[in-house]
Amino acid sequence: MNPYSRLVARCGGCILLFAALSAGGAAADATAEQEEWIALFNGRDLDGWTPKITGHALGDNFAGTFRVEDGLLKVRYDGYASFDGKFGHLFYKDPFSYYRLVVEYRFVGEQAPHGPGDWALRNSGAMLHSPHPRTMGRDQDFPISIEAQFLGGLGDKARSTMNLCTPGTEVVYQGSIYPEHCLDSASKTFEGDQWVRAEMLVLGSGQITHFVNGEEVLEYALPQFGGGAVSNFDPAAKPDGQLIEGGYISLQSESHPIDFRKVELLNLAGCMDRGASNYKRYYVKSVPESCVYAKGSKPAM
């Protein structure tokens, strides 16, 4: 009898215990790997979202600008006699700092009557790292934010999407503060009404990366308050030079109809203690107070 056989013979139950522990460990590993995406848009209604449209109070969804039809979150202007600078933003209820955000969108139809100009044709975006929307003045045009800009092709020249724009903010690009309001990505042009998958990897006040249909197209870092391109704001909400660690997310209405079929977020901040039941291997920002432990167990030192 070889040594392994003698060990099994002396402790027949041990192998069962080892198998159980191994299975438990494998299950824990699988749970730690499983990504828990949050559907910010539920496909049914605007639950969890609040509109802020220039010239209107927070919560006033003027002319049904934001609506849900056929399972899509739609931005429409059929109730507008004139766009008249009514830039709108639909805010999600919770702030985030470290995350992956996926937005699937398509441009449709024609620009609202008397839109602000050709630059706003097939133009929208996802605004990141905004202060709470209640800090916005009634006549404020854009939230102070980092904008992942969506653009559709106009048929006459290259027009990238998932660009960066910076209303009331600045970023560091290739080692220095980027001096302009908008920065083009390396994406191709998307013509017509095709669906586009935009993804943003946001790491607090560190690095932000843009992807289009799975391909990296832009990267920058150190988002901070500063610069211009925002009007009628409360100066207290714009402490220039201060890094922005996180904030609220909003979807934009900038005069051209757009549909959203998916808005999902994977939070990358959470419990990083392997001994906790809600530990996730993909977290990059530790939030110790979020950890959940089995009764009688203790946090790891």
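In this predicted model, the side chains of R261 and E104 come together in a salt bridge, with 2.8 Å from N to O. The two partners belong to distant parts of the chain: R261 sits in strand β17 (residues 258–267) and E104 in strand β6, 157 residues apart. Their surroundings can be read from their accessibility. E104 is buried, with a relative accessible area of 10%, whereas R261, at 42%, counts as partly exposed. This pair also belongs to a wider arrangement, in which salt bridges with shared partners join E104, R197, R261 and K262 into one network.

Strand β6 (residues 98–107) also holds R100, whose partner E35 lies in the loop between α2 (12–33) and β1 (37–39). Here the closest N and O atoms of the salt bridge are 3.5 Å apart, and the pair again links distant parts of the chain, with the two positions 65 residues apart in the numbering. R100 is partly exposed, at a relative accessible area of 23%, and E35 is likewise partly exposed, at 40%.

A further salt bridge joins D78 to R67, and its closest N and O atoms are 2.8 Å apart. D78 is found in the loop between β4 (72–75) and β5 (88–92), while R67 is part of strand β3 (residues 66–69); the two are eleven residues apart. D78 is exposed, with a relative accessible area of 61%, but R67 is buried, with a value of 16%. R67 counts as buried because that term covers residues under 20% relative accessible area.

The pairs described here are among the 16 salt bridges that the structure holds.

Technical notes. Residues are numbered from 1 along each chain as its sequence is written. This is a predicted model: local features need pLDDT of at least 70, side-chain atom pairs count only at pLDDT 80 or more; totals for chains, interfaces and linings use all residues. Side-chain values use heavy atoms; hydrogens and water are left out. A salt bridge is a side-chain nitrogen of Lys or Arg within 4 Å of a carboxyl oxygen of Asp or Glu. Helices (H or I, at least four residues) and strands (E, at least two) are DSSP runs, numbered from the N terminus. Buried means under 20% relative accessible area, exposed over 50%, partly exposed in between (1.4 Å probe, protein chains only).
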